[in-house]
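Colleague: I am new to this structure and would like a close look at a single part of it, with enough of the surroundings to place that part.

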Amino acid sequence: MRMLWTTSRKTFDVPCTIEIEQTSETLHAHVVLDGDIAIQPGDEVRVHDAPTGVAFGERLVVRRTATVVRAGPLDRLLARIEGYLELTELYEVSFSDGRAL
């Protein structure tokens, strides 16, 4: 019998579109998975043969394959806890210049 909290992971491949743009107006890279696939905390997406950049002033759109690795229940819980703890570190950051008001 399989326990609910095991770390077994489901893996599947899916086509995707990669868009990379580097211009004076924008600098971004996006991956859009085909289908209606929801990525949840703890899941991993690995894009195969993805370009890593473009020259300034260019925009690149390519089709590739991505492997989605679904997190198990324990991995998903740990990812949520880690995300919450990382968020609380932002509360300790000050954006003032240190001068008294």
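Which residues does Val54 touch, not counting residues up to four places away in sequence?

Modeller: Please keep in mind that this is a predicted model. Leaving aside residues up to four places away in sequence, Val54 touches Ile20, Glu21, Gln22 and Leu60. To place these contacts, it helps to begin with the chain as a whole, which has one helix and four strands, arranged from the N terminus on as β-β-β-β-α.

The strands form an open sheet in the order β2-β1-β4-β3, and their pairing is antiparallel. Because β2, residues 27–33, and β3 each have a single partner strand, they stand at the edges, and one side of each is left without a neighbour in the sheet. On average, neighbouring strands of this sheet are turned by 30 degrees against each other, with direction ignored.

Within that sheet, strand β1 covers residues 11–22 and strand β4 covers residues 58–69, and the two pair in the antiparallel sense over 12 bridges. One of the positions that can be followed by eye is Glu19, whose bridge partner in β4 is Val61. On the other pairing of β4, strand β3, residues 44–47, runs antiparallel to β4 and is joined to it by four bridges. Here Glu44 has Val69 as its bridge partner in β4, while the partner of Arg46 in β4 is Thr67. As a general point, strands of a sheet pair through backbone hydrogen bonds, in either a parallel or an antiparallel way.

Returning to Val54, this residue belongs to the largest nonpolar core, which has nine residues, and Ile20, one of the residues that Val54 touches, is also a member. The other members of that core are Val14, Cys16, Ile18, Leu33, Val62, Ala66 and Val68. Strands β1 and β4 each supply at least two residues of this core, and β1 gives the most, with four residues. It may help to remember, when following the core along a strand, that in a regular strand the side chains alternate between the two faces of the sheet.

Finally, some values describe the chain as a whole. Of its 101 residues, 19% count as buried, and the chain exposes about 7900 Å², of which carbon and sulfur atoms supply 56%. Among contacts with a separation of 6 or more, 67% are accounted for by residues 24 or more positions apart.

Definitions and conventions: Residues are numbered from 1 along each chain as its sequence is written. This is a predicted model: local features need pLDDT of at least 70, side-chain atom pairs count only at pLDDT 80 or more; totals for chains, interfaces and linings use all residues. Side-chain values use heavy atoms; hydrogens and water are left out. Buried means under 20% relative accessible area, exposed over 50%, partly exposed in between (1.4 Å probe, protein chains only). Contact means heavy atoms within 4.5 Å. Accessible areas come from the Shrake-Rupley method with a 1.4 Å probe; for residues, only the protein chains shown count as cover. Two strands pair if DSSP finds at least two bridges between them. A nonpolar core is a set of buried Ala, Val, Leu, Ile, Met, Phe, Trp, Tyr and Cys residues joined through side-chain atoms within 4.5 Å. Axes are lines fitted to C-alpha atoms, for helices over the stretch in contact, and angles run from 0 to 180 degrees between N-to-C directions.
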